[in-house]
Amino acid sequence: MTMHQFIISSFSTYLNALEKKSSMLCVKICYFVRYWITEFWVMFKMDSKLSKTMEEFQELVKANGVELHCHLIDTTQINSRDWSRKLTQRVKANTSKKRKVSLLFDHLEPEELSDHLTYLEFKSFRRISFSDYQNYIMNSCVKENPTMERSIALCNGISQWVQLMVLSRPTPQLRAEVFIKFIHVAQKLHQLQNFNTLMAVIGGLCHSSISRLKETSSYVPHDVIKVFNEMTELLSSYKNYDSYRRAYNECTSFKIPILGVHLKDLISLYEAMPDYLEDQKVNIYKLYSLYNHINELIQLQEMPLPLEANMDLVHLLTLSLDLYYTEDEIYELSYAREPRSHRAAPLTPSKPPVVADWASGVSPKPDPKTISKHVQRMVDSVFKNYDHDQDGYISQEEFEKIAASFPFSFCVMAKDWEGLISRDEITAYFMRASSIYSKLGLGFAHNFQETTYLRNELT
């Protein structure tokens with residue numbers, strides 16, 4: 001029922017039976033469909049193509065006027081069934097800490113960052129359905145596969161955010177401090193067995209725009225460099241990601257895989273084995289192998305999330321990771337921080353050595369409504385945590401610290417507003433962030449594009 005689409009269309013067998021006037025086979029097919037509808041009704045909810053095919057099948061059966069067949073394939077019960085792909089692990093109030101959550105990057109502990117990045121990653125991973133995997137295998141791309149595209153955009157967004165947070169600091173020592181912090185975040189992600197976000201963070205740190213910063217690296221302690229090298233080796237593509245595969249297979253309970261690696265496995269398996277055997281029988285072993293690979297990923301989505309998330313920080317990260325820069329723009333920022341020398345890397349951007357190339361260059365089209373929703377949630381969180389007297393204003397000093405979580409992103413707030421900023425002014429500040437100069441005044445027009453990867457409601 002799940003794998004037939006790799007070989008044949010859903011109801012072509014019924015058409016063949018009609019042509020051959022085999023009423024017994026037609027009845028058997030309808031009984032099989034009834035079992036499918038009754039036991040696996042959620043498949044029809046999740047797969048729009050299957051639902052459409054089912055409607056066409058019903059019209060076909062009605063046209064042939066067989067009342068028994070029509071009764072067997074009745075789908076009215078499907079619409080009355082409740083279902084959801086939403087995150088079942090509800091976010092609890094963070095009562096373990098008396099203080100309100102800090103929205104300042106410098107104040108966030110690595111554990112806080114890793115937990116909330118994992119929350120966003122798992123939410124995105126959990127939305128990928130069985131049919132999404134099937135579509136990717138058959139098309140070898142994410143075209144017309146928005147759920148998977150958003151997952152890739154999240155991975156790319158994290159990687160770029162890491163690079164920009166390092167580059168946002170004006171001195172080598174401050175950049176080194178951000179670098180060290182993200183290494184500690186990577187260690188926490190490894191402990192959480194969140195390999196996909198770990199790949200994004202380490203990929204951002206080993207990107208050539210960062211690795212070329214010799215002055216910055218001179219402030220990074222040797223023990224931190226050692227951890228960085230160990231993480232890079234863990235995620236290396238050497239011997240078909242052998243180190244990662246061994247670590248992944250040793251993990252139990254909750255874990256988030258490097259999705260690109262496993263998608264490549266599915267593509268390889270699909271292309272390596274024929275659909276039919278020599279005697280024209282369906283290659284069941286191929287379908288069974290593909291099913292097991294996909295089902296393993298689906299089963300991971302049902303694992304309980306081993307952490308709690310504070311939605312104020314989720315809103316901060318959601319908006320932070322929506323930023324999008326081109327490789328050339330990031331590289332120009334890197335050279336503005338540490339100009340070229342005869343020993344420096346060439347100007348042409350190079351891909352991170354550990355990041356799977358399946359995810360490169362994917363960025364969904366801007367969604368103004370979603371961006372507006374994220375901005376409003378972010379502003380609500382800012383005033384919840386920083387408007388202590390609830391007068392509808394926060395200080396400019398506090399806001400500028402918060403804005404540091406959005407490196408090179410937004411234009412500078414005016415200085416002549418008596419030091420206080422209103423809710424409307426902050427909302428407008430975020431919303432007008434398009435085609436602006438760098439916040440740090442690096443002197444080049446930056447073709448800013450807002451993109452987003454979360455189009456469904458955060459729960």
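## Side-chain contacts in a predicted model

R423 lies over the face of F383, 4.7 Å from the ring centre. This is a predicted model, so keep that in mind as you click through the contacts below. A second charge-over-ring contact involves R212, whose charged end sits over the ring of Y335 at 3.7 Å from its centre.

**Rings against rings**

How many aromatic pairs does the model hold? The count comes to 11. Let's look at a couple of them. F122 and F254 meet edge-to-face, with 5.2 Å from centre to centre and 65° between the planes. F122 belongs to helix α7 (residues 110-126), while F254 is in the loop between α15 (238-250) and α16 (259-272), so this pair ties together parts that are 132 residues apart in sequence. Are these two rings buried or exposed? Both F122 and F254 are buried.

F195 and Y248 make another edge-to-face pair, at 6.2 Å centre to centre and with 70° between the planes. Here F195 sits in helix α11 (residues 195-205) and Y248 in helix α15, so the pair ties together parts 53 residues apart in sequence. Again, F195 is buried and so is Y248. If you'd like to see rings gathered as a group, pull up F105, W161 and F182, which form one aromatic cluster.

**Salt bridges**

Now for the charged side chains. The model has 8 salt bridges, and the table shows some of them, including E302 with R126.

| Acidic residue | Basic residue | Closest N to O |
|---|---|---|
| E302 | R126 | 3.4 Å |
| E338 | R175 | 3.2 Å |
| D312 | K384 | 3.2 Å |

Take E302 and R126, which meet in a salt bridge. This pair links distant parts of the chain: E302 is in the loop between α17 (284-300) and α18 (311-320), R126 is in helix α7, and they are 176 residues apart. E302 has a relative accessible area of 45%, so it counts as partly exposed. R126, at 5% relative accessibility, counts as buried.

What about E338 and R175? Their closest N and O atoms are 3.2 Å apart. E338 lies in the loop between α19 (327-337) and α20 (368-386) and R175 lies in helix α10 (residues 172-191), so the salt bridge ties together parts that are 163 residues apart in sequence. E338 is buried because its relative accessibility is 3%, and R175 is buried too, with a relative accessible area of 1%.

D312 and K384 also form a salt bridge, again with 3.2 Å between the closest N and O atoms. D312 is in helix α18 and K384 in helix α20, so this pair ties together parts 72 residues apart in sequence. With a relative accessible area of 7%, D312 is buried.

**Cysteines**

How many disulfides turn up in a search of the whole structure? The search finds 0. As a reminder, a disulfide is a covalent bond between the sulfur atoms of two cysteines. Why isn't C30 bonded to C26? The sulfur of C26 is the closest cysteine sulfur to that of C30, but it is 6.8 Å away, too far for a bond, because the two sulfur atoms would have to lie within 2.5 Å. C30 counts as buried at 0% relative accessibility. Elsewhere, C251 is buried as well, with a relative accessible area of 14%.

**Two backbone oddities in α15**

Helix α15 is worth a look at the backbone level. K239, which is found in this helix, has a positive phi of about 55° although it is not a glycine. Y241 lies in helix α15 too, and its phi is positive at about 60°, again without being a glycine. Which of these side chains is buried and which is exposed? K239 counts as exposed, at 61% relative accessibility, whereas Y241 counts as buried, at 7%.

**A nonpolar patch on the surface**

Finally, turn to the outside of the model. I8, Y276, V282, I284 and Y288 make a nonpolar surface patch of about 460 Å². One of its members, I8, is found in the segment before α1 (12-19). I8 has a relative accessibility of 34%, so it counts as partly exposed.

Note on methods. Residues numbered from 1 in each chain as written. Predicted model: local features only at pLDDT ≥ 70, side-chain atom pairs only at ≥ 80, totals over all residues. Heavy atoms only, no water. Patch = residues over 30% accessible without salt bridge, like charges linked within 9 Å, V, L, I, M, F, W, Y side chains within 5 Å. Areas by Shrake-Rupley, 256 points an atom, 1.4 Å probe, with all protein chains shown as cover. Salt bridge = Lys/Arg side-chain N within 4 Å of Asp/Glu carboxyl O. Helix = DSSP H or I, 4+ residues; strand = E, 2+ residues; numbered from the N terminus. Buried < 20%, exposed > 50% of the residue type's maximum accessible area, 1.4 Å probe, protein only. Phe/Tyr/Trp six-rings, centres within 6.5 Å; stacked < 30°, edge-to-face > 60°. Lys NZ or Arg CZ within 6 Å of the ring centre and 35° of its normal.
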